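Trainee: I've got a structure open and a pile of questions about it. Mind walking me through them?

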Amino acid sequence: MKRRILTTSEPADDKLLRTRATAIPDGEIGTTNVQRIVQDMKDTLADTQLGIAIAAPQIGESKRIFVVSPRAFAEGADFLVCINPQLTKLSRDKSDLEEACLSIPGIAGTVRRSNKVTLRAFDEKGNAYTSFFVSSEIVKWNVKTLEILDRVPTYYSIGHLCVPG
């Protein structure tokens, strides 16, 4: 079921969005309640025009879950569900990326992120997984002048190719 996306412009929403989300106990990960939250997140994200990812607090659930849209990945990919995610390794090499947030409409900014990240999480069925994300770029060159015409940041992960934006 599609839900309303909470925004920082609403005081009650802002309070929930700034509250640290709670982990889901291991025994509850595959339950109908958690699967309902994940499905609502997928439905809500799919209904946005530009959304790439959404976190459970953005639909009013203060839980440690985020979902990445298939539109962020190569054709044929499915939603990436991360329950109780933990960043286990971050590279020292970083890049500046333009990002926006569905809960802060109309505002985008530059965020410095690690180029390589190892993430541990559970999917909505309770299966644990580790994923390794590596950032890179697709660069279009003018062959005659060697001038860079366009750059698109990309992220490689197990089974996924992500092209943001």
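What follows is a chat about this predicted model.

Trainee: Let's begin with the layout. In what order do the elements run from the N terminus on?
Mentor: The protein has two helices and nine strands. Reading from the N terminus on, the order is α-α-β-β-β-β-β-β-β-β-β.

Trainee: And what share of the residues counts as buried?
Mentor: To count as buried, a residue needs under 20% relative accessible area. Of the 165 residues of the protein, the share that passes is 33%.

Trainee: On to the inside. Which element gives the most to the largest nonpolar core?
Mentor: That core has 15 residues, and Met41, Ile54, Ile65 and Ile83 have the most contacts inside it. Helix 2, strand 2 (65-68) and strand 3 (80-90) each give two or more residues. With five residues, the top contributor is helix 2.

Trainee: Which residues does Ile65 touch, leaving aside those up to four places away in sequence?
Mentor: Ile65 is among the residues with the most contacts inside the largest core. Its partners include Ile24, Val34, Ile37 and Val38. The rest of the list is Met41, Ile54, Ala55, Ala56, Cys82 and Ile83.

Trainee: How many residues are in the second, separate core?
Mentor: Leu80, Cys82, Leu119 and Ala121 are among its members. Cys82 fits there because a core takes buried residues, and Cys82 has a relative accessible area of 0%. The size of this second core is seven residues.

Trainee: Speaking of cysteines, how many disulfides does a search of the whole structure find?
Mentor: A disulfide needs two cysteine sulfur atoms within 2.5 Å. Cys82 is buried, whereas Cys101 is partly exposed at 32% relative accessibility. For disulfides, the search of the whole structure comes back with zero.

Trainee: Now the charged side chains. How many salt bridges are there?
Mentor: Side chains of opposite charge can pair when their charged atoms come close. The cut-off here is a Lys or Arg side-chain nitrogen within 4 Å of an Asp or Glu carboxyl oxygen. By that rule the count is nine.

Trainee: How far apart are the closest N and O atoms of Asp14 and Arg18?
Mentor: These two sit four residues apart in helix 1, so about one helical turn separates them. Asp14 counts as buried at 17% relative accessibility, while Arg18 counts as exposed at 66%. They form a salt bridge, and the closest N and O atoms are apart by 2.9 Å.

Trainee: Where do Asp47 and Lys2 sit along the chain?
Mentor: Their side chains meet in a salt bridge, 3.5 Å from N to O. Asp47 is partly exposed at 49% relative accessible area, and Lys2 is partly exposed with 49%. The pair links distant parts of the chain, 45 residues apart: Asp47 is in the loop between helix 2 (32-46) and strand 1 (53-55), and Lys2 is in the segment before helix 1 (11-18).

Trainee: Are Glu124 and Lys42 buried or exposed?
Mentor: The two meet in a salt bridge with an N to O distance of 3.2 Å. Glu124 lies in the loop between strand 6 (116-122) and strand 7 (128-141), and Lys42 lies in helix 2, 82 residues apart. As for cover, Glu124 and Lys42 are buried.

Trainee: Last one: which residues do shared salt-bridge partners join into one network?
Mentor: Here salt bridges share partners, and that links the residues together. The members of the network are Arg3, Arg36, Asp40 and Glu61.

Terms used. Residues are numbered from 1 along each chain as its sequence is written. This is a predicted model: local features need pLDDT of at least 70, side-chain atom pairs count only at pLDDT 80 or more; totals for chains, interfaces and linings use all residues. Side-chain values use heavy atoms; hydrogens and water are left out. Buried means under 20% relative accessible area, exposed over 50%, partly exposed in between (1.4 Å probe, protein chains only). A nonpolar core is a set of buried Ala, Val, Leu, Ile, Met, Phe, Trp, Tyr and Cys residues joined through side-chain atoms within 4.5 Å. Contact means heavy atoms within 4.5 Å.
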